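Subject: Structure handover

Hello,

The structure we discussed is below, with notes on what came out of it. Please read the notes with the structure open.

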Protein chains: 4
Amino acid sequence: MSRLPKENAAVPLAQAVAPQRERGRLRVAAILEAAALVFVEKGYDKATMTEIAARSGTAIGSLYRFFPTKGALADNLLLRYAHSTVSGLAELAEQADRMTLEGLAEALVDLREDLLTQRAVVLALVDAREGSQDIRQQFREHSRAGMSQVLQKAIPGLPATRAHAMAVLMLHVLKGAATASAEDPATRHMVLAEMRELLRSWLFSARQAVAATSA
Amino acid sequence: MSRLPKENAAVPLAQAVAPQRERGRLRVAAILEAAALVFVEKGYDKATMTEIAARSGTAIGSLYRFFPTKGALADNLLLRYAHSTVSGLAELAEQADRMTLEGLAEALVDLREDLLTQRAVVLALVDAREGSQDIRQQFREHSRAGMSQVLQKAIPGLPATRAHAMAVLMLHVLKGAATASAEDPATRHMVLAEMRELLRSWLFSARQAVAATSA
Amino acid sequence: MSRLPKENAAVPLAQAVAPQRERGRLRVAAILEAAALVFVEKGYDKATMTEIAARSGTAIGSLYRFFPTKGALADNLLLRYAHSTVSGLAELAEQADRMTLEGLAEALVDLREDLLTQRAVVLALVDAREGSQDIRQQFREHSRAGMSQVLQKAIPGLPATRAHAMAVLMLHVLKGAATASAEDPATRHMVLAEMRELLRSWLFSARQAVAATSA
Amino acid sequence: MSRLPKENAAVPLAQAVAPQRERGRLRVAAILEAAALVFVEKGYDKATMTEIAARSGTAIGSLYRFFPTKGALADNLLLRYAHSTVSGLAELAEQADRMTLEGLAEALVDLREDLLTQRAVVLALVDAREGSQDIRQQFREHSRAGMSQVLQKAIPGLPATRAHAMAVLMLHVLKGAATASAEDPATRHMVLAEMRELLRSWLFSARQAVAATSA
DNA sequence: TATGAATGAGAGTTCATTCAT
DNA sequence: AATGAATGAACTCTCATTCAT
């Protein structure tokens, strides 16, 4: 039988079997951990299912029991990150109206730092062409929506369209926080400081623009 | 300002034979053009030497005569982009002290737009782990040096260390201009406008900081 | 009547490369021969591309250069058989009006015996679900059309619809000639004799029915 | 006439555990039913034990308790069919001396039609090379013996050797009745009618030959 | 006893690279 | 020098079968 990979189609989490026993749950966790490492080290295409299986102490057949394709495994990883990103943003949105813009700039950079390990795997996966395009689309949209919320809370009166454009760009800028981790510690520290400054000045400028318009 | 090597001969790693005759030069150009297209369409890993050969009307054996490995071909492409990026930045540096910061923000975004086609191939290649790490390292360093120059010219008195940190972050932000091209036209337009605003407020803030320090 | 392609070159199948050099043509011949043996011995599903490659002294990659999938290889084999079957039937149709029915019965059984080696591979392939359904469909239709021609020539006045039904059944009966080759020699000889007798009496009966109708 | 073993216990090869309790017998029946469906739909090689287990509502481990290998499951199915075929032929043999040859031709075609569902699974299994060769051998021999009986009853004086040759060929011809079911209804109807005519003329011809010899 | 998670050999297929012509 | 046929290691994925629970 020919071996072309299947498509995940509509299933949000193409998952062969949801593990029902404790043992299975541990195995899935081990697989995801190993997969994240391998995807980060090698990149999506160069990562092999064989290595992921070996590193997680799983037989290749068992790996495929839980994740029917390489793309499904990547999707799953992405989805998990998406969840924590989106809830992180939601939390931030709740507090945003009580924060200074300096505090918000700080919090945004920190948010990314918190998610750094997972972020690295996302960088390795978001641009891969395999797996479900839907998952990546969803991930992007949820992140943008969450970030828009934060911005509109932090800058009352900010028009939705501008909030959206800012969110798109903001998410891109914050990606730099993950990228920065590849730098030497001194550079990294300075870049992160610079990022806070960038965000601060940008947010202030946006607030002034809103104030000028409403006056 | 240090320069990138003009000729491949100067690059110490797996490197293409420099074609001596006109015919060879045309062939190399055709290969590079095809390779750029294929790398962009498929990504580095999924791109095949066979397809690059076919699309450039070259026999696979001839392709390997000019570029001994796939990685070397990618390196070469990266090097060419690096060259045009660096010279673009050098040009900008010359004019930077006569520009307003608004003008500079505009010019930076435009610079990236000019290089967009080539930029796309860079995006496809910089994260690929194949080929020479040195080439990527060089590419990054030269870009950063060039950008630092621009910033120090535009903001007299800007300390070198901060210029470097800003350059690192600036280059990352500008990458968003290429990424934005994947968005729908309306979003893309707004994001680019937002990017100009971001750069403007950031540059002004940096200038004020310099002024405050020197006062 | 539409014709089967005469030459493999014209075959509309997924074929990676039509070999242009003598060496390539020999290799293709070796592959087809080995493939026929393996398909016959193991059946389509159990036959492996690896074994076909090994038995034909071909590297697996080279095998795939000529036949891009296992199904394509099977299709090609089927098509070659189809060609010889159809031309065998066409020849017979030309002579059928000058033959006695006994002679025709004999000739039909012999036709199958002539094609026996190839026939065996057809038996292994026609029922396989892989490969192009179209090829098998074509093969069946062309065989039936050819056999109908023979019958209408041999029994003038035979209605087309009955000729078709007889052709379908006739082809099935003749398949027994190939199946019979698996028997021990004594049985095989008797079965083939019996087959001639069956065909003779059936053809006579059909001729009488035609005569009775036209009277 | 020799009989096929009634119980699996008598079969000397890899064989299922004979379930002792009612519950087990139901389970085995469910498995065999599901297996027949899957073998027919997918073919022997493509059928999976997992799917058979799932469709019969059996755990894969339990399936293997009753049938130790896939081949054993197939053998068992074949054996059951053999049993009903042989008893059908035995019944026919009892009545054969009181039937006209037309009636017999009709009855033979009908016999196959009656067994059609089971026949389909036989077609899927007899050519599979897995499982016990002995089982298939037995199946063939019992069928041939039964058919010989029928023919010798229907045509008194028919020599045993010719009866055997006719039986072999007859069984092959009748296989066409199952194959015909894949055709469109109109074709199928005509092919079956033709098959009756073929059998009729063949049987008559055989009877005449016997009469001529004995005279 | 019954279950289904686990196993791993092996299948089809790809493609960077080599080398005979 | 130019060509493209040849190579084979490595990859994704399947499934008959086993065995711990």
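Start at DNA strand E, where a backbone N or O atom of Ala59(A) lies 3.2 Å from a phosphate oxygen. A polar side-chain atom of Tyr64(B) also lies 3.2 Å from a phosphate oxygen of that strand, and a backbone N or O atom of Lys70(B) lies 3.0 Å from one. (A polar contact is a pair of N or O atoms within 3.5 Å; within protein, one must be able to donate a hydrogen and the other to accept it, and residues adjacent in sequence count only if both atoms are side-chain atoms.)

This is a predicted model: local features need pLDDT of at least 70 and side-chain atom pairs count only at pLDDT 80 or more, while totals for chains, interfaces and linings use all residues. Residues are numbered from 1 along each chain as its sequence is written, chains are lettered from A and ligands numbered from 1 in the order in which they are written, and side-chain values use heavy atoms, leaving out hydrogens and water.

Around DNA strand E there are 34 residues, of which Gly61(A), Arg65(A), Met49(B), Tyr64(C) and Ser62(D) come nearest; a residue is near if one of its heavy atoms lies within 4 Å. Of the strand's atoms that come within 4 Å of the protein, 64% belong to sugar and phosphate. By class, the nearby surface has 14 nonpolar, 11 polar and nine charged residues (nonpolar: Ala, Val, Leu, Ile, Met, Phe, Trp, Tyr, Cys and Pro; charged: Asp, Glu, Lys and Arg; polar: the others, Gly among them). H3(A) gives the largest share of this surface, five residues. Helices are DSSP runs of H or I, at least four residues, numbered from the N terminus.

Away from the DNA, the axes of helix H8 (residues 160-180) of chain C and helix H8 (residues 160-180) of chain D come within 9 Å and cross at roughly 125 degrees. H8(C) is therefore oblique to H8(D) (under 35 degrees is roughly parallel, over 145 roughly antiparallel, 65 to 115 roughly perpendicular, the rest oblique). Axes are lines fitted to C-alpha atoms, for helices over the stretch in contact, and angles run from 0 to 180 degrees between N-to-C directions. The contact (heavy atoms within 4.5 Å) involves His172, Val173, Lys175, Gly176 and Thr179 of both chain C and chain D. It has two nonpolar, six polar and two charged residues.

Regards

Technical notes:
Helices (H or I, at least four residues) and strands (E, at least two) are DSSP runs, numbered from the N terminus.
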